[in-house]
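Good morning, and thank you for making time on the agenda. I should like to take the group through one protein model, beginning with the overall fold and ending with a single residue.

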Amino acid sequence: LRNPMTRRWIVRPLAQAGNEPATELAAFLREHDPGGLFGVDLNPGRLVSRGEEALAAFPGLSERIALASIADFFLGGGEAPFGEGDVPFGPLIISFSALSGTAPLALLAACTRECDRKLALRQSVERLKKLRLRPVN
């Protein structure tokens with residue numbers, strides 16, 4: 001699972017964060033995986049949809065974040081088009097930038113069944129580009 005020369009992960013299983021409180025996942029991983037085999041796929045939108053503060057997940061999970069699934073959600077509700085929901089993406093991008101490793105961002109563009117999927121993805125990419133240049137207004 002690790003490259004013996006660089007000690008970097010080649011294949012690393014990930015636990016998806018967002019389906020339960022981040023503190024519970026962090027406690028579970030500390031107890032059952034103290035060696036750090038499992039990384040975390042952090043989905044801040046799922047946390048927000050459950051009424052949790054997305055940034056609160058970083059203290060307990062930051063060392064394990066290997067992927068970030070970027071989807072926007074409404075607080076306590078459903079998925080939203082990227083940049084139109086309640087996920088604080090500016091502060092999250094700053095937090096992801098402060099991680100010790102690199103965590104790819106998987107951009108998930110919400111779209112209703114009838115919408116133009118390419119347009120929704122294009123709009124999401126443009127919003128993400130603007131956030132990268134200016135994460136905080």
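I shall cover the fold, the nonpolar core, one pocket and one loop residue, in that order.

Please bear in mind throughout that this is a predicted model. The protein contains six strands and five helices. In sequence order, these elements run β-α-β-α-α-β-β-β-α-β-α. Of the 137 residues in the protein, 35% are buried. The accessible surface amounts to about 8,400 Å², and carbon and sulfur atoms hold 54% of that area. As for contacts with a separation of 6 or more, 67% are made by residues 24 or more positions apart.

I turn now to the interior. The largest nonpolar core has 26 residues, and the members that touch the most others are Leu 42, Leu 61 and Phe 96. Several elements supply at least two residues each to this core: the strands β1 (14–17), β2 (39–42) and β3 (65–70), together with the helices α1 (22–32), α2 (44–49), α3 (58–61), α4 (89–97) and α5 (117–133).

Which residues does Leu 42 touch, once those up to four places away in sequence are set aside? They are Ala 17, Leu 47, Ala 57, Phe 58, Leu 61, Ile 65, Leu 67, Ala 68, Ser 69 and Phe 96. Two of these, Leu 61 and Phe 96, were named a moment ago alongside Leu 42 as the core members with the most partners.

Next, the second largest pocket, which encloses about 190 Å³ of space. Its lining consists of Ala 26, Leu 29, Arg 30, Pro 34, Gly 36, Pro 59, Gly 60, Ser 62, Glu 63 and Arg 64. By character, four of the lining residues are nonpolar, three are polar and three are charged. Both α1 and α3 contribute at least two residues to the lining, and the largest share, three residues, belongs to α1.

Finally, I would draw your attention to Pro 21, which sits in the loop between β1 and α1. Is Pro 21 buried or partly exposed? Its relative accessible area is 21%, and residues count as buried only under 20%, so Pro 21 is classed as partly exposed. Beyond its neighbours within four places in sequence, Pro 21 makes contact with Arg 50 and Glu 52. The C-alpha atoms of Pro 21 and Ala 57 lie 8.4 Å apart, although 36 residues separate the two in sequence. Ala 57 has already appeared in this talk, among the residues touched by Leu 42.

Notes: Residues are numbered from 1 along each chain as its sequence is written. This is a predicted model: local features need pLDDT of at least 70, side-chain atom pairs count only at pLDDT 80 or more; totals for chains, interfaces and linings use all residues. Side-chain values use heavy atoms; hydrogens and water are left out. Helices (H or I, at least four residues) and strands (E, at least two) are DSSP runs, numbered from the N terminus. Buried means under 20% relative accessible area, exposed over 50%, partly exposed in between (1.4 Å probe, protein chains only). Contact means heavy atoms within 4.5 Å. Accessible areas come from the Shrake-Rupley method with a 1.4 Å probe; for residues, only the protein chains shown count as cover. A nonpolar core is a set of buried Ala, Val, Leu, Ile, Met, Phe, Trp, Tyr and Cys residues joined through side-chain atoms within 4.5 Å. On a 1 Å grid over the protein atoms alone, a cavity is a set of points where a 1.4 Å probe fits but cannot get out, and a pocket is an open set with protein on both sides within 12 Å along at least five of seven lines; lining residues have an atom within 4 Å of a point. Grid points are joined across faces, edges and corners, and a volume is the space filled by probe spheres set on the points. Ala, Val, Leu, Ile, Met, Phe, Trp, Tyr, Cys and Pro count as nonpolar, Asp, Glu, Lys and Arg as charged, and the others, Gly among them, as polar.
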